[in-house]
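Welcome, and please open your viewer so that we can walk through this model together. At each stop you will select a few residues and look around them.

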Amino acid sequence: MSRIQIIDRSQDERFMREALELAREGAALGEVPVGAVLVQGGQIVGRGFNCPISRRDPSAHAEMVAIRAAAASLDNYRLPGSTLYVTLEPCSMCAGLIVHARVQRVVYGTTEPKAGVAVSRGQFFEQAFLNHRVLIEGGLLAEECGTMLSAFFKARRA
């Protein structure tokens, strides 16, 4: 029996907008505005925004927070059939977590030229040594996601 979930692509934008709203919440707290939601069976089971500053935790990236929340909610460290929506291309730390959690699909907004590992600084998810394959789709609401980050850093420099 296949473990492939049928994806309703009409929902992608709705879930990315949820992630954008979380990114705004993080920005209001002075955090870099990145948001993430983890969806399984068409329902959000984990939410998160970047909060390493407020939590004093360098691992508290949006993806990490959302995946931890989903694992606790579902009482399972594995999240098969899930999709992670995140406003920014994942870094290496988050990419490793995504694989270990067995997330099926990642949909991200804008690229991260300095540290993104889906396409920008290498194709982590395509490495032969990985024991789990993740579907990667980038560019959903990329302009909106990128503009939010640019405005945040511009204000911070001012």
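**Stop one: a helix residue**

Begin by selecting Met148, which sits in helix α5, the stretch covering residues 142-157. Keep in mind that you are looking at a predicted model. Is Met148 buried or exposed? Its relative accessible area is 15%, and because the cut-off for buried is under 20%, Met148 counts as buried.

Now show what surrounds Met148. Setting aside residues up to four places away in sequence, Met148 touches Leu20, Ala23, Arg24 and Pro33. Next, draw a line from the C-alpha of Met148 to that of Val134: these two are 14 residues apart in sequence and 26 Å apart in space.

**Stop two: salt bridges**

Arg24, one of the residues touching Met148, is a good place to go next. Side chains of opposite charge can pair when their charged atoms come close. Select Arg24 together with Glu144 and you will find a salt bridge, with the closest N and O atoms 3.4 Å apart. Arg24 belongs to helix α1 and Glu144 to helix α5, so this pair ties together parts that are 120 residues apart in sequence. Both ends are partly exposed: Arg24 has a relative accessible area of 36%, and Glu144 has 29%.

Add Glu13, Arg17 and Glu21 to your selection, and you have a network of salt bridges linking them with Arg24 and Glu144.

How many salt bridges are there in the whole structure? A search finds eight. Another one joins Arg47 to Glu18, where the closest N and O atoms are 3.8 Å apart. Here Arg47 is in strand β2 and Glu18 is in helix α1 (residues 12-28), so the pair ties together parts 29 residues apart in sequence. Arg47 is partly exposed at 43% relative accessibility, and Glu18 is partly exposed too, at 29%.

For one more, select Asp57 and Arg68, whose side chains meet in a salt bridge at 3.7 Å, N to O. Asp57 is in the loop between α2 and α3, while Arg68 is in helix α3, so parts 11 residues apart in sequence are tied together. Arg68 counts as partly exposed, with 41% relative accessibility.

**Stop three: along helix α3**

Stay with α3 and select residues 62-74. Why does the length of this helix agree with what is expected? At 1.5 Å a residue, its 13 residues should span 18 Å, and the end C-alpha atoms are indeed 18 Å apart.

Which residues of α3 are buried? Colour Ala62, Glu63, Met64, Val65, Ala66, Ile67, Ala70 and Ala71 to see them. Then show what covers these buried residues: the cover includes β1 (35-40), β2 (43-49), α2, β3 (82-88) and α4. Just after α3, pause at Asp75, which takes a positive phi of about 55°.

**Stop four: an annotated site**

Select His61, Cys91 and Cys94, where an unreviewed UniProt entry places the feature "binding site". They are spread over 34 residues of sequence, yet they cluster in space, with a largest C-alpha distance of 9.3 Å. Two of this set, His61 and Cys91, are part of the lining of the second largest pocket.

Zoom in on His61, found in the loop between α2 (52-55) and α3. His61 is partly exposed, with a relative accessible area of 22%. Leaving out its neighbours within four places in sequence, His61 is in contact with Asn50, Cys91, Met93 and Cys94.

Move across to Cys94, which lies in helix α4 (residues 92-100). Cys94 is buried, at 0% relative accessibility. With neighbours within four places in sequence left out, Cys94 is in contact with His61 and Glu63.

**Last stop: an arginine without a partner**

Finish at Arg102, in the loop between α4 and β4 (105-110). Arg102 is buried yet has no salt bridge. Where is the nearest side chain of opposite charge? That side chain is Glu63, 17 Å away. What does Arg102 touch, not counting residues up to four places away in sequence? Show Arg78, Leu79, Pro80, Gly81, Asn131 and His132 to see.

Key. Residues numbered from 1 in each chain as written. Predicted model: local features only at pLDDT ≥ 70, side-chain atom pairs only at ≥ 80, totals over all residues. Heavy atoms only, no water. UniProt positions renumbered as here; feature names shortened; annotations may be inferred. 1 Å grid on protein atoms, 1.4 Å probe; cavity = no way out; pocket = protein on both sides within 12 Å on 5 of 7 lines; lining within 4 Å. Helix = DSSP H or I, 4+ residues; strand = E, 2+ residues; numbered from the N terminus. Buried < 20%, exposed > 50% of the residue type's maximum accessible area, 1.4 Å probe, protein only. Contact = heavy atoms within 4.5 Å. Lys, Arg positive; Asp, Glu negative; His and termini not counted. Salt bridge = Lys/Arg side-chain N within 4 Å of Asp/Glu carboxyl O. Expected span 1.5 Å × (residues − 1).
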